[in-house]
Amino acid sequence: MTTPFSCLAHPAPATLRAGRIACGLLAATLAGAAAAEASPASADAPAAPRWKISGFGTVGAVHASTRSADFSSTVLHATGAGASERWSPDVDSRLGAQLDLALGRWSAVLQVLSEQDLEGSYRPHVEWANIKYQATPDLALRAGRIALPVFLAADYRKVGYTLPWVRPPVEVYGALPISSSDGVDATWRWGAGATRHATQAFFGRTDTRLYDDRRLKARKIAGLSHSIEHGALSARVSALSARLTAGIGTEVFTPLRAFGAPGAALAERFAIDDKRVSMLSAGFSYDPGQWFVSAEAGRTHTRSLLGSTTMMYAGAGYRIASFTPYLGHARVRAHGATRDPGLPLAALPPQLQPTAAALNAGLSVYLSTIPVQSSFSAGLRWDLASSAALKLQYDRARPTDGSRGTLINQQPGFRSGQAVHVASVALDFVF
């Protein structure tokens, strides 16, 4: 099906970005509405299909004190606040539309999202698209594009209105920038007294375009997640494993292999080429109404440029009428190599040493992307309407140990160890 709307696929000035997002959302919404009209229920059907269209979005602006890198909410953005722009709308701004269909035991959901990608475009993409069958009151089966149930906010991490802070802590949620996969899952819900449990098993794959011809592919994504709800307490424990391939660093690893066994060993060690990646995470939230506290921790492991890391955050807030002041602390640290001497220059012929030195420098740049960082946050949320919230937030982020932390677009003058001061304002809404 086609629509009479089209959106620009190349970066545009900041003043045009909101229009581009709205264009994509309108096209997705009209497509969903047309599909609903094209499938009317018959008069003698046992139950009429129920359609629902909803949406969410964030309009934000972020300022960062650094000019030698960009602060970003994800490594999958092209730009952020700092080196690219003093005030950036790209860090948190997004718009989404969702179409839900319910028909007896069957239901389906389509969610389309528009946010900046690695090419600076706001092309809408399908975030969710799945069909669910409620086999029994306790067992549900799904197939399609499904949210990866790895963190507490897995199902709503893109919906800023549902979060107390401006964005999920980047030190933790940045460990899994991909939020969905194509596959199947099964969820069994059961209870023990006043405690409700949900055990979810999932299997799938993903193939995400990064930029140019570079892609991020994950196959054999398999995992298990268990959630608990007991009164004001919510908790989740998750485990995930996958085989990961990414076209990142090929300009370094391909020529490294030409240097014989030492270069081939470096390429084998760090290239993201069918490497196994695993992740464990656990978190809880306690929210009795007047106040809340939450914390999450996780561990990732892979033998590649992605490294192995441990991450955590803790946050709390107190509600005073329509205002909620909050505080948070997060950190991520690396296990294993975040630097490597590379090729032994002294053992090489003089004519090859300049090329080898350049490859060693390129390898060091990639290894510096393994995040080592701590941050402190303070903010204020104002629920100005039943479906809108205005947030102000200050973050002090400090990358260390030669790492650029969670920053992107590292410039030649960047120095690890210097604190970056970040100011954010965001208007979140749902409809």
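**View 1. Ala102 and its bridge partner Ser107 sit where strand 5 meets strand 6.** This is a predicted model, so local features need pLDDT of at least 70 and side-chain atom pairs count only at pLDDT 80 or more, while totals for chains, interfaces and linings use all residues. Residues are numbered from 1 along each chain as its sequence is written, and side-chain values use heavy atoms, with hydrogens and water left out. Strand 5 and strand 6 (residues 106–115) pair antiparallel over 10 bridges; strands pair here if DSSP finds at least two bridges between them. Helices (H or I, at least four residues) and strands (E, at least two) are DSSP runs, numbered from the N terminus. In the hairpin of these two strands, two residues lie between them, and Gly104 takes a positive phi near 60°.

**View 2. Strand 5 also pairs with strand 1.** The two run antiparallel, with nine bridges joining strand 1 (residues 50–64) to strand 5. Look for Phe56, which stands opposite Gly96 in strand 5. Strand 5 (residues 94–103) is mostly covered, with seven of its 10 residues buried. Buried means under 20% relative accessible area, exposed over 50%, and partly exposed in between (1.4 Å probe, protein chains only).

**View 3. Helix 4 has a buried side and another side with exposed residues.** Gly263, Leu266, Ala267 and Phe270 are the buried residues of helix 4 (residues 260–270). They cover an arc of only 95° around the axis, so they end up on the same side of helix 4; the arc is that of the directions from the helix axis to the C-beta atoms. An α-helix has 3.6 residues a turn, so residues three or four places apart point the same way. On the other side of helix 4, Ala261 and Glu268 are exposed. The buried residues pack against helix 3 (250–257), strand 13 and helix 5 (353–367), where contact means heavy atoms within 4.5 Å.

**View 4. Four residues share one salt-bridge network.** A salt bridge is a side-chain nitrogen of Lys or Arg within 4 Å of a carboxyl oxygen of Asp or Glu. Arg123 and Asp117 meet in one at 3.3 Å, N to O; Asp117 is buried at 19% relative accessible area, and Arg123 is partly exposed at 28%. Arg209 forms another with Glu119, their closest N and O atoms being 2.7 Å apart. Arg209 lies in strand 10 (residues 195–211) and Glu119 in the loop between strand 6 and strand 7 (125–134), so this pair ties together parts that are 90 residues apart in sequence.

**View 5. Asp185 and Arg142 form a salt bridge.** The closest N and O atoms are 2.7 Å apart. This pair links distant parts of the chain, with Asp185 in strand 9 (residues 180–192) and Arg142 in strand 8 (residues 139–147), 43 residues apart. Asp185 is buried, with a relative accessible area of 6%, whereas Arg142 is partly exposed at 24%. Across the whole structure, a search finds 19 salt bridges.
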